[in-house]
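These are my notebook entries on how two chains are put together, written in the order in which I looked things up.

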Number of protein chains: 2
Amino acid sequence: MVFDLDPRLAADTEDVCRLALCRVLLSRDANYPWLILVPERPGIREIRELEPADRASLMDEIVRATDVLERLYSPHKLNVAALGNSVAQLHVHAIARFTEDAAWPKPIWGAAPPTVYPPETLERRLAELRDAFAA
Amino acid sequence: MVFDLDPRLAADTEDVCRLALCRVLLSRDANYPWLILVPERPGIREIRELEPADRASLMDEIVRATDVLERLYSPHKLNVAALGNSVAQLHVHAIARFTEDAAWPKPIWGAAPPTVYPPETLERRLAELRDAFAA
């Protein structure tokens with residue numbers, strides 16, 4: 001069985017980088033600095049289905065992603081979630097939240113219409129994220 | 001610094017049991033089998049603030065909680081989330097979701113008015129959860 005990124009995840013995101021376990025994606029919704037970690041393991045829907053070593057990697061990579069969000073954006077709060085009701089392929093959201101963001105204090109899903117990054121802002125954000133993950 | 005459960009978490013939940021790291025709570029909202037894991041560490045708001053050994057315990061206990069939900073309720077999907085926008089004390093939701101539940105396919109927060117367990121149903125649910133965590 002080969003890992004293929006779910007096309008709905010691919011459609012809503014930009015590639016940031018690859019870590020040991022996960023592909024790191026940036027949501028195209030400019031309302032929030034919003035990363036999505038996708039373990040590159042085929043057929044996995046739940047964290048509990050990962051092998052123990054992969055669970056440890058996922059925890060490490062959640063911490064790494066939230067460290068990056070903290071360092072770059074100094075958010076008020078970090079949100080970490082594996083939901084998957086619409087897209088079942090296991091993916092973990094890591095979102096930098098601010099008291100002045102479009103959804104605060106609600107969870108972001110469905111709370112505010114997505115906004116689009118101006119192209120230069122998107123390129124800058126992807127570059128700063130790639131640099132931060134490489135550091 | 002001593003660990004104290006946030007009073008808003010205490011007000012909305014029943015005690016299930018204690019694991020090595022976390023206190024396990026059951027939400028009083030009867031719409032979903034909804035567990036909340038609270039690491040008994042004072043002053044922690046984010047997963048990334050936990051010591052590495054505690055992060056490993058948290059991952060183990062998330063898997064244990066979702067294993068329990070899977071075994072008891074055979075949900076369509078599990079939702080796992082650390083949000084904390086309203087209650088900052090680190091707590092991880094583990095929720096059994098069903099395609100016929102009150103919020104499906106949306107995330108549960110704010111999606112449907114909470115419902116109350118009949119007292120006997122609540123006692124039965126707490127008992128089956130305690131048995132499952134003890135197994």
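Before reading any bridge partners I fixed the term: two strands count as paired if DSSP finds at least two bridges between them. I also keep in mind throughout that this is a predicted model.

**Entry 1, the hairpin.** I began with strand β1 (residues 13-18) of chain A and strand β2 (residues 22-27) of chain A, which run antiparallel and are joined by five bridges. Looking up A:Cys17, I found that its bridge partner in β2(A) is A:Val24. I then checked the connection, and β1(A) and β2(A) form a hairpin with three residues between them.

**Entry 2, the sheet.** Which order do the strands take in the open sheet? I read it as β1(A)-β2(A)-β3(A)-β5(A)-β4(A)-β4(B)-β5(B)-β3(B)-β2(B)-β1(B), ten strands with antiparallel pairing. At the edges stand β1 of chain A and β1 (13-18) of chain B, each with a single partner strand, so one side of each has no neighbour in the sheet. From one strand to the next I noted an average twist of 20°.

For a pairing inside chain B I looked up strand β3 (residues 34-39) and strand β5 (residues 92-97), which pair in the antiparallel sense over four bridges. Here B:Leu37 stands opposite B:Val92 in β5(B).

I then asked what lies on the sheet, and found that α2(A) packs on it, touching β2, β3 (34-39), β4 and β5 (92-97) of chain A, with a direction that makes about 20° with that of β5(A). In chain B, α2(B) packs on the sheet and touches β2 (22-27), β3, β4 and β5 of that chain, its direction making about 20° with that of β5(B).

**Entry 3, where the sheet passes from one chain to the other.** I looked up the junction, where β4(A) and strand β4 (residues 77-82) of chain B pair in the antiparallel sense over three bridges. Within this pairing A:Val80 stands opposite B:Ala82 in β4(B).

**Entry 4, the interface as a whole.** How many residues of each chain are in contact across the interface? I recorded 27 residues of chain A in contact with 27 residues of chain B. On the side of chain A that touches chain B, α2 (52-73) and β4 (77-82) each supply at least two residues, and α2(A) gives the most, with seven. By class, that side of chain A has 14 nonpolar, six polar and seven charged residues.

**Entry 5, the helices across the interface.** I next followed α2(A) to its counterpart, and the axes of α2(A) and α2(B) come within 10 Å and cross at roughly 120°. Angles from 65 to 115 degrees count as roughly perpendicular and those over 145 as roughly antiparallel; α2(A) and α2(B) are therefore oblique to each other. The crossing of α2(A) past α2(B) is right-handed. Here A:Arg55, A:Ala56, A:Met59 and A:Val63 meet B:Arg55, B:Ala56, B:Met59 and B:Val63, a contact that I sorted into six nonpolar, no polar and two charged residues.

**Entry 6, helix packing within each chain.** In chain A, the axes of α2(A) and helix α3 (residues 119-134) come within 10 Å and cross at roughly 125°, which makes α2(A) oblique to α3(A). I noted the crossing as right-handed. The contact is made by A:Val68, A:Arg71 and A:Leu72 of α2(A) with A:Glu128, A:Leu129, A:Ala132 and A:Phe133 of α3(A), and these residues divide into five nonpolar, no polar and two charged.

In chain B, helix α2 (residues 52-73) and helix α3 (residues 119-134) pack at an angle of about 125°, with their axes 10 Å apart, and I noted their crossing as right-handed.

**Entry 7, the symmetry.** Finally I asked what operation relates the two chains, and found that a rotation of 180° with 0.0 Å of shift along its axis superposes chain A on chain B, with an RMSD of 0.0 Å. That is the relation of a two-fold axis. Of the residues of chain A, A:Ala81 comes closest to the rotation axis, with its C-alpha at 2.0 Å. I also compared the two sides of the interface: 100% of the interface residues of chain A are also interface residues in chain B, so the copies meet through the same surface.

Key
Residues numbered from 1 in each chain as written. Chains lettered and ligands numbered in written order. Predicted model: local features only at pLDDT ≥ 70, side-chain atom pairs only at ≥ 80, totals over all residues. Contact = placed C-beta atoms within 7 Å. Nonpolar A, V, L, I, M, F, W, Y, C, P; charged D, E, K, R; others polar. Axes fitted to C-alpha atoms, helices over the stretch in contact; angles between N-to-C directions. Parallel < 35°, antiparallel > 145°, perpendicular 65-115°, else oblique. Left-handed = near helix turned anticlockwise from the far one by under 90°. Least-squares fit on C-alpha atoms with pLDDT ≥ 70 in both.
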